[in-house]
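Biologist: I am new to this structure and would like to learn how to read it, one feature at a time. Could we begin with a single residue and work outwards from there?

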Amino acid sequence: VLSQIWEHLCRQTNWPVSEDLWLHELAVEERHLFPVEAASKLIRELRNQGKRVVFTSDTYFPSAFVGRLLATHRFLVPGDGLYTSGEIGRTKRSGALFQYMLAMEKVAPRHVAHYGDNEKTDFATPRRLGIKATILPHARLGRTEEFLLQRPGGNHLSASRVAGAMRTFRVKQAAAGNEAYHELVASFLGPFLLGFVSWAIFQAQRDGIRRLYFVSRDC
């Protein structure tokens with residue numbers, strides 16, 4: 001669990017052990033996590049069909065923290081199931097967390113449909129147990145985002161921030177039926193304009209220019 005990870009790290013680095021360390025990590029996670037609109041839409045559809053919703057997660061975060069985040073973003077409602085590997089001591093990857101969930105929910109594998117984005121954890125393992133599994137690719141890195149992160153040299157932190165901003169825009173908003181246009185804006189037009197504006201401001205600051213004018217016929 002999270003506190004044990006920090007306690008081990010403190011012993012290895014001779015840092016004083018403090019609860020503030022892992023509380024700060026939780027605060028950072030809470031500030032930067034955001035909902036994936038496609039997943040939110042799927043859950044709403046399942047609820048409308050009268051399906052029971054259960055959340056499973058391979059995570060070292062406390063289940064209370066995970067539950068609060070899910071509830072904040074309107075994924076989890078009272079009565080839903082929630083099973084996290086850190087507190088239960090079993091993982092989805094091994095299949096043990098799925099087996100635990102099946103036993104607690106008193107349901108047969110063939111009556112469960114699982115959705116997730118990991119080929120091994122969310123697809124191969126549950127299918128091996130007889131659970132119907134479906135991959136949700138929406139939150140995966142896009143080709144442009146992967147390209148940014150894989151480029152040799154450069155500033156990885158800056159590349160990570162740009163790739164993160166691209167993915168945030170892409171998955172946080174519904175495409176409203178125009179997925180091709182949405183992808184074009186998220187993966188090309190937005191990053192291109194961001195890069196151009198950043199470059200222009202950097203050049204102006206370097207050259208001591210304090211006022212910029214933008215003139216365009218078609219914009």
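Modeller: Let us begin with Thr-84, which has its place in strand E2, made of residues 81-84. Please keep in mind throughout that this is a predicted model.

Biologist: Is Thr-84 buried or exposed, and how do I judge that?

Modeller: The general idea is a cut-off, since a residue counts as buried when its relative accessible area is under 20% and as exposed when that area is over 50%. Thr-84 has a relative accessible area of 2%, and therefore it is buried.

Biologist: Which residues is Thr-84 in contact with, leaving aside its neighbours within four places in sequence?

Modeller: Thr-84 is in contact with Ser-57, Thr-59, Phe-61, Ser-63, Val-66 and Leu-97, once those neighbours are set aside. One of these partners, Phe-61, leads us to the largest nonpolar core, where it is among the residues with the most contacts inside the core, together with Leu-2, Phe-55 and Leu-70.

Biologist: How many residues does that largest nonpolar core have, and which elements give two or more residues to it?

Modeller: The core has 14 residues, and the elements that give two or more of them are helix H1 (2-13), helix H2 (19-32) and helix H4 (63-72). Of these, H4 gives the most, with four residues. Leu-2 shows what such packing looks like from one residue, for it touches Trp-22, Glu-25, Leu-26, Tyr-60 and Phe-61, not counting residues up to four places away in sequence. Apart from this core lies another, of eight residues, including Tyr-83, Met-101, Leu-102 and Leu-129.

Biologist: I should also like to understand the backbone angles. Which residues other than glycine have a positive phi?

Modeller: Two cases can be taken side by side. Asn-14, in the loop between H1 and H2, has a positive phi near 65 degrees, and because its relative accessibility is 72%, it counts as exposed. Arg-74, in the loop between H4 and E2, has a positive phi of about 65 degrees although it is not a glycine, and with a relative accessible area of 74% it is exposed as well.

Biologist: What about His-182, is it buried or exposed, and where does it lie?

Modeller: His-182 has its place in helix H10, residues 179-206, and since its relative accessibility is 13%, it counts as buried. From C-alpha to C-alpha, His-182 and Val-171 are 9.9 Å apart in space, while in sequence they are eleven residues apart.

Biologist: Now for the whole chain: how many helices and strands are there, and in what order do the elements run?

Modeller: The protein has ten helices and four strands, and from the N terminus on its elements run α-α-α-β-α-β-α-α-β-α-β-α-α-α.

Biologist: What does the radius of gyration tell me here?

Modeller: The idea is to set the value beside what a compact globule of the given length would have, which for 219 residues is near 17 Å, whereas this protein has 22 Å. Its C-alpha trace spans about 70 × 55 × 35 Å along the principal axes. Buried residues make up 26% of the 219 residues, and the accessible surface comes to about 15,200 Å², with 56% of it belonging to carbon and sulfur atoms.

Biologist: And what can be said of the long-range contacts and the charges?

Modeller: Among contacts between residues at least 6 apart in sequence, 50% join residues at least 24 apart. As for the charges, there are 29 positive and 21 negative ones, and their mean positions are 4 Å apart.

How values were computed. Residues numbered from 1 in each chain as written. Predicted model: local features only at pLDDT ≥ 70, side-chain atom pairs only at ≥ 80, totals over all residues. Heavy atoms only, no water. Core = buried A, V, L, I, M, F, W, Y, C linked by side-chain atoms within 4.5 Å. Buried < 20%, exposed > 50% of the residue type's maximum accessible area, 1.4 Å probe, protein only. Contact = heavy atoms within 4.5 Å. Rg over C-alpha atoms; globule rule 2.2 N^0.38 Å. Areas by Shrake-Rupley, 256 points an atom, 1.4 Å probe, with all protein chains shown as cover. Lys, Arg positive; Asp, Glu negative; His and termini not counted. Charge placed at Lys NZ, Arg CZ, Asp CG, Glu CD.
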